[in-house]
Amino acid sequence: MSILSRVVAIARRKSPWICRLNAGSCNGCDIEITPLLSPRYDAEQLGIELHGTPKHADIVLISGTLTHRSRKAILDIYDQVPSPKAVVALGSCPASGNVFAGSPTVLNESLDTIVPVDVWVPGCPPRPQAILDGIARAAKLLEEGATRSQLARSLQGQQAQPQPQPAQPDLTQPELARCEQGRP
């Protein structure tokens, strides 16, 4: 890893910018996110900033039950976050639907089937300390290059690299001239 890459990786861990997405929750998780920005938990002291646009975010916090309508919004927002990125699922709703499971408007699948989730923060709702810990773990994964999006990208890069060609036999000038003329 070059020095510049190392500096960028450290910066991602020390100042992760987050984007929050409510996929259809009861707002319990959102209420627990708000104290993170208060002086009591002071997430900004750790470099964590909440941004309204996904285009400037490193980490996406997704809370709530997945609905048929929110599926497209989740995919749109996930695609807008520049790589590398991490996804943190807040609460038990993204994993199981929680008390909303079985509703006709709720998808009966976990968030992991829509976008790759790097950190699951359990709870209904999770405590602010748990959310802060989840963001810190996601930032650490970003620094290490170990988020699921980064790993998938590195696998694609390995597959896209040209494969070594088999060694060509050395041909002498007369043999090469015969091959070019199509003679054996």
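1. A residue is called buried when its relative accessible area is under 20%. Histidine 51, with a relative accessible area of 19%, therefore counts as buried. The structure is a predicted model, and this residue is a convenient point of entry. Histidine 51 is placed in the loop between E2 and E3. The side chain of this histidine makes a polar contact of 3.2 Å with the side chain of glutamate 49. Beyond neighbours within four places in sequence, histidine 51 is in contact with Trp17, Ile18, Cys19 and His56.

2. The overall architecture comprises seven helices and five strands. Read from the N terminus, the elements follow the order α-β-α-β-β-α-β-α-β-α-α-α. The protein has 184 residues, of which 38% are buried. Its exposed surface amounts to about 11000 Å², with 55% supplied by carbon and sulfur atoms. When contacts between residues at least 6 apart in sequence are considered, 82% join residues at least 24 apart.

3. The five strands form an open sheet in the order E2-E1-E3-E4-E5, and the pairing is parallel. Its edges are strand E2 (49–50) and E5, each of which pairs on one side only. Strand E1 (residues 17–22) runs parallel to E2 and is joined to it by two bridges. Within this pairing, tryptophan 17 has glutamate 49 of E2 as its bridge partner. The two residues of that bridge also appear in the surroundings of histidine 51: Trp17 is among its contacts, and glutamate 49 is its polar partner.

4. Further along the sheet, E3 and E4 run parallel and are joined by five bridges. One of the paired positions is leucine 61, whose bridge partner in E4 is valine 88. Five of the five residues of E4 are buried, so this strand is largely enclosed by the rest of the structure. Ala86, Val88 and Leu90 point one way from E4, whereas Val87 and Ala89 point the other way; all are buried.

5. The largest nonpolar core has 20 residues. Those with the most contacts inside this core are Leu36, Ile59, Leu61, Val88, Leu90, Ile131 and Ile135. Two or more residues each are given by helix H2 (28–33), strand E3 (59–63), strand E4 (86–90), strand E5 (119–121) and helix H5 (128–144). H5 supplies the largest share, six residues. In soluble globular proteins, nonpolar side chains tend to be buried together.

6. Isoleucine 59 illustrates the packing around this core. Leaving out residues up to four places away in sequence, isoleucine 59 touches Pro16, Trp17, Ile18, Cys19, Ala86, Val88, Ile135, Ala138, Ala139 and Leu142. A second, separate core has 16 residues, including Ile77, Val87, Leu111 and Val117. Val88 belongs to the largest core and Val87 to the second, and these two valines point opposite ways from E4.

7. Helix H3 (residues 68–80) has Ser70, Ile74, Ile77 and Tyr78 as its buried residues. Viewed down the helix axis, the buried residues of H3 fall within an arc of 100°, so they line one face of the helix. Arg69, Lys72 and Asp79 are exposed on the other side of H3. An α-helix has 3.6 residues a turn, so residues three or four places apart point the same way. Ile77, one of the buried residues of H3, is also among the members of the second core.

8. Glutamine 150 is a polar residue to inspect in helix H6 (residues 148–160). Glutamine 150 counts as buried because its relative accessibility is 15%. The side chain of glutamine 150 reaches the backbone oxygen of leucine 142 at 3.4 Å. Setting aside residues up to four places away in sequence, glutamine 150 touches Pro84, Leu141, Leu142 and Gly145. Leu142 is also touched by isoleucine 59.

9. The last point concerns the N-terminal helix. Lysine 14 is found in helix H1 (residues 3–14). Lysine 14 and glycine 47 are 33 residues apart in sequence, yet their C-alpha atoms are 5.7 Å apart in space. Apart from neighbours within four places in sequence, lysine 14 is in contact with Leu46 and Gly47.

Key:
Residues are numbered from 1 along each chain as its sequence is written. This is a predicted model: local features need pLDDT of at least 70, side-chain atom pairs count only at pLDDT 80 or more; totals for chains, interfaces and linings use all residues. Side-chain values use heavy atoms; hydrogens and water are left out. Helices (H or I, at least four residues) and strands (E, at least two) are DSSP runs, numbered from the N terminus. Buried means under 20% relative accessible area, exposed over 50%, partly exposed in between (1.4 Å probe, protein chains only). Contact means heavy atoms within 4.5 Å. Accessible areas come from the Shrake-Rupley method with a 1.4 Å probe; for residues, only the protein chains shown count as cover. A polar contact is a pair of N or O atoms within 3.5 Å; within protein, one must be able to donate a hydrogen and the other to accept it, and residues adjacent in sequence count only if both atoms are side-chain atoms. A nonpolar core is a set of buried Ala, Val, Leu, Ile, Met, Phe, Trp, Tyr and Cys residues joined through side-chain atoms within 4.5 Å. The arc is that of the directions from the helix axis to the C-beta atoms. Two strands pair if DSSP finds at least two bridges between them.
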